[in-house]
Amino acid sequence: MTQGATGATGATGATGATGPCTAIDGIEPSATEDFTAVLINGKAYAGRQSTPGGTIVWTDLTNSDNPNYPVHVCGISITEQDKDAWIKVVTTDGTVWQTHGDVNGMNFIWAEGWTQLATPVPGSLRSGAPRRTGAARTS
């Protein structure tokens, strides 16, 4: 039995659905606590551990305590300064949003709405002077 010639390549199939976005970020503002931001299937959570590596307590940041949660969230970060923390998210269309939490002492309160920040625009980002590497030459 002989095999025939290979047939023509078929048409390209439709693009499949985008998978769910999942991300994590964390900081340790002190030796006695650890803060984490997690994104699971586009839903944001803030977590606090009273000791790094200890039991984490999660707060849902998409509920009525945090109105205006954006759609199509696909990235997350957390920062902290003194008694304040901010969680920022980015959507699949590039918009950036943030919410604020009170994190003084044993408080870990996230009860503010989401605010849209300025969206980065290609070509408008600041860039510094080129960095020089290596030792300077002397003659």
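Reader: Over how many bridges do β6 and β7 pair, and in which sense, parallel or antiparallel?

Author: Let's begin with the general idea. Strands of a sheet pair through backbone hydrogen bonds, and the pairing is either parallel or antiparallel. In this structure, which is a predicted model, seven bridges hold β6 and β7 together in the antiparallel sense. One place to look is K88, whose bridge partner in β7 is Q98.

Reader: What links these two strands in the chain?

Author: They form a hairpin, with four residues between β6 and β7. In that turn, G94 has a positive phi of about 90°.

Reader: Which strands belong to the sheet, and in what order?

Author: The sheet is open and has four strands, in the order β5-β6-β7-β8, with antiparallel pairing. The edges are taken by β5 (73-81) and β8 (115-116); each has a single partner strand, so one side of each is left without a neighbour in the sheet.

Reader: How many bridges join β5 to β6, and how many join β7 to β8?

Author: β5 and β6 run antiparallel and are joined by eight bridges. Within that pairing, E80 stands opposite A85 in β6. Strand β7, residues 96-102, pairs with β8 over two bridges, again in the antiparallel sense. There you can find Q98 opposite T115 in β8. Q98 is also the β7 residue that bridges to K88.

Reader: What should I look for in the hairpin of β5 and β6?

Author: Two residues lie between these strands, and D82 takes a positive phi near 60° in this hairpin.

Reader: Which residues in the loop between β4 and β5 have a positive phi?

Author: Two to look at are N68 and H72. N68 is not a glycine, and its phi is near 70°; N68 sits in the loop between β4 (56-60) and β5. H72, also a residue other than glycine, has a positive phi of about 60°, and its place is in the loop between β4 and β5.

Reader: Are N68 and H72 buried or exposed?

Author: The cut-off for exposed is a relative accessible area over 50%. N68 has 53%, so it is exposed, and H72 is exposed as well, with 58%.

Reader: How do the side chains along β6 point?

Author: They alternate along residues 84-91. A85, I87, V89 and T91 point to one face and are buried, while D84, W86, K88 and V90 point to the other face and are not buried.

Reader: Where does I87 fit in the nonpolar core?

Author: The general idea is that in soluble globular proteins, nonpolar side chains tend to be buried together. Here the largest nonpolar core has 19 residues, and I87 and W114 are those with the most contacts inside it. The elements giving two or more residues to this core are β2 (33-40), β3 (43-49), β5 and β6. Leaving aside residues up to four places away in sequence, I87 touches several residues, including A37, Y45, L61, I76, W97, W110 and W114.

Reader: How is a pair such as Y69 and W114 described?

Author: A pair of aromatic rings is described by the distance of the centres and the angle of the planes. The count in this structure comes to three aromatic pairs. Y69 and W114 form one that is edge-to-face, at 5.2 Å centre to centre with 70° between the planes. This pair links distant parts of the chain: Y69 is in the loop between β4 and β5, W114 is in the loop between β7 and β8, and they are 45 residues apart. Buried means under 20% relative accessible area, so Y69 counts as buried at 19% and W114 counts as buried at 3%.

Reader: What kind of pair do F108 and W110 form?

Author: Theirs is edge-to-face, with 5.7 Å centre to centre and 75° between the planes. Both F108 and W110 are buried, and together with F35 they form one aromatic cluster.

Reader: And for the whole protein, how many helices and strands are there?

Author: There are zero helices and eight strands. Of the 139 residues, 27% count as buried. The protein exposes about 9,800 Å², and carbon and sulfur atoms supply 52% of that area. Among contacts between residues at least 6 apart in sequence, 34% join residues at least 24 apart.

Terms used:
Residues numbered from 1 in each chain as written. Predicted model: local features only at pLDDT ≥ 70, side-chain atom pairs only at ≥ 80, totals over all residues. Heavy atoms only, no water. Pairing = 2+ DSSP bridges. Buried < 20%, exposed > 50% of the residue type's maximum accessible area, 1.4 Å probe, protein only. Phe/Tyr/Trp six-rings, centres within 6.5 Å; stacked < 30°, edge-to-face > 60°. Core = buried A, V, L, I, M, F, W, Y, C linked by side-chain atoms within 4.5 Å. Contact = heavy atoms within 4.5 Å. Areas by Shrake-Rupley, 256 points an atom, 1.4 Å probe, with all protein chains shown as cover.
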